[in-house]
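Visitor: I'd like to go through this one label by label and hear the reasoning behind each. Can we start with confidence?

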Amino acid sequence: MRFGQPRLILNLTPNQLDAALVSGRRVRASKRMILSPAVWDEAWGEGLSPFDNSLTSLLRAVGAPKNEIGRAHVVLGRPD
């Protein structure tokens, strides 16, 4: 683990998309976007690409460094 350098954490569930930029134990920035569960099945079938614009907006909002995006910790939630 790289202490002191920012880490990007993404959480995607049928209801929401969260992004957090973390340094050490401190959350530097976080943002949540509410999603429509009704589009989850279709989005999943399309490789989640319908959420691309939402994800891009969240990454900008938390100030995610471009060099950190490819190393993001991703948590996927499944529908109940």
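Guide: Sure. This is a predicted model, and confidence in the chain is lowest in helix 3 (residues 66-69), with a mean of 82, and highest in strand 3, at 95. For the chain, the mean pLDDT is 88, and 92% of its residues reach 70 or more.

Visitor: On to Asp18, then. Where is Asp18 found?

Guide: Asp18 is found in strand 2, which spans residues 16-23.

Visitor: Why is Asp18 called buried?

Guide: Its relative accessible area is 12%, and buried means under 20%, so Asp18 counts as buried.

Visitor: What does Asp18 touch, leaving out residues up to four places away in sequence?

Guide: Ile9, Leu10, Asn11, Lys31, Arg32 and Leu58.

Visitor: What makes Asp18 and Arg32 a salt bridge?

Guide: The closest N and O atoms of Asp18 and Arg32 are 2.6 Å apart. The cut-off is 4 Å between a side-chain nitrogen of Lys or Arg and a carboxyl oxygen of Asp or Glu, so the label applies. The pair links distant parts of the chain, with Asp18 in strand 2 and Arg32 in strand 3 (residues 26-34), 14 residues apart. As background, side chains of opposite charge can pair when their charged atoms come close.

Visitor: Is Arg32 buried or exposed?

Guide: Exposed, because its relative accessible area is 52% and the label needs over 50%.

Visitor: What makes the link between the side chains of Asp18 and Gln16 a polar contact?

Guide: The contact joining those side chains is 3.0 Å, and the distance limit is within 3.5 Å, so that part of the test is met. The side chains of Asp18 and Arg32 also share a polar contact, at 2.6 Å.

Visitor: How many salt bridges does the structure hold?

Guide: It holds 2. Besides the Asp18 pair with Arg32, Arg71 forms a salt bridge with Glu68, where the closest N and O atoms are 3.7 Å apart. That value is within 4 Å, so the pair qualifies.

Visitor: Why do Arg71 and Glu68 get the burial labels they have?

Guide: Arg71 has a relative accessible area of 42%, which falls between the 20% and 50% limits, so Arg71 is partly exposed. Glu68 is at 3%, under 20%, so Glu68 counts as buried.

Visitor: One last residue: how do you know that Ser54 is buried?

Guide: Ser54, in helix 2 (residues 52-62), has a relative accessible area of 17%. Since the limit is under 20%, the label holds. Not counting residues up to four places away in sequence, Ser54 touches Leu17, Met33 and Leu35.

Conventions: Residues are numbered from 1 along each chain as its sequence is written. This is a predicted model: local features need pLDDT of at least 70, side-chain atom pairs count only at pLDDT 80 or more; totals for chains, interfaces and linings use all residues. Side-chain values use heavy atoms; hydrogens and water are left out. Helices (H or I, at least four residues) and strands (E, at least two) are DSSP runs, numbered from the N terminus. Buried means under 20% relative accessible area, exposed over 50%, partly exposed in between (1.4 Å probe, protein chains only). A polar contact is a pair of N or O atoms within 3.5 Å; within protein, one must be able to donate a hydrogen and the other to accept it, and residues adjacent in sequence count only if both atoms are side-chain atoms. Contact means heavy atoms within 4.5 Å. pLDDT is the predictor's confidence in each residue, from 0 to 100.
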